[in-house]
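Student: Could we go through this one together, asking each time what a label rests on?
Tutor: Sure, let's have a look.

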Amino acid sequence: MKTVWNKPKKENRISVEVMSSFRNFIAEKAFDTCQICHKEHIAEYHHLFYGSYGADKDDRTIIGVCRKCHEWCHKNKHDSQRDYKKVADLNWLEFKENVI
């Protein structure tokens with residue numbers, strides 16, 4: 001399949017424009033507060049499922065996190081996937097229902 005800049009190749013990948021809207025949605029939904037510690041401001045977005053070099057990256061499974069919690073996610077990959085998959089799934093579900 002031919003790759004077009006704004007058109008993702010796989011279902012689990014979303015366009016640059018949709019990703020920007022999705023991140024803004026998460027920040028608004030979480031009142032710009034980390035979805036893990038609920039204390040710090042969202043500084044970054046973490047893909048729960050990224051895979052080796054992004055091969056299995058699923059853009060629909062992101063959460064808004066502060067820098068400290070983002071570091072924790074990378075050091076504790078399996079724990080973060082287990083503990084925050086429901087949060088990521090709910091982010092995507094609500095985004096689809098309200099924005100797309």
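**What the labels rest on**

Tutor: Of the 100 residues in the chain, 36% are buried. Buried means under 20% relative accessible area, exposed over 50%, and partly exposed in between, with a 1.4 Å probe and protein chains only. This is a predicted model, where local features need pLDDT of at least 70, side-chain atom pairs count only at pLDDT 80 or more, and totals for chains, interfaces and linings use all residues. Residues are numbered from 1 along each chain as its sequence is written, and side-chain values use heavy atoms, leaving out hydrogens and water.

Student: What is the mean pLDDT of the chain?
Tutor: The mean is 85, and 83% of the residues reach 70 or more; pLDDT is the predictor's confidence in each residue, from 0 to 100. Over residues 1-8, though, pLDDT stays under 50. Where pLDDT is low, the predicted coordinates should not be read in detail.

Student: Which pattern does the chain follow along the sequence?
Tutor: α-β-β-α-α, so three helices and two strands, going by DSSP runs numbered from the N terminus: H or I over at least four residues for a helix, E over at least two for a strand.

Student: Why is Cys 34 not bonded to Cys 69?
Tutor: A disulfide is a pair of cysteine sulfur atoms within 2.5 Å. The sulfur of Cys 34 has its closest cysteine sulfur in Cys 69, 3.7 Å away, so that is too far for a bond. Cys 66 is in no disulfide either, with the sulfur of Cys 69 as its nearest at 3.6 Å. A search of the whole structure finds zero disulfides.

Student: What makes Cys 66 count as buried?
Tutor: Its relative accessibility is 5%, so Cys 66 falls under the cut-off. Cys 34 is buried too, at 0%.

Student: Which residues of helix α2 are buried?
Tutor: In α2 (residues 67-75) they are Cys 69, His 70 and Cys 73. These three cover an arc of only 105 degrees around the axis, so they sit on the same side of α2; the arc is that of the directions from the helix axis to the C-beta atoms.

Student: Which residues are exposed on the other side of α2?
Tutor: Lys 68, His 74 and Lys 75.

Student: What covers the buried residues of α2?
Tutor: The cover includes β1 (44-47), β2 (62-65) and α3 (77-98), where contact means heavy atoms within 4.5 Å.
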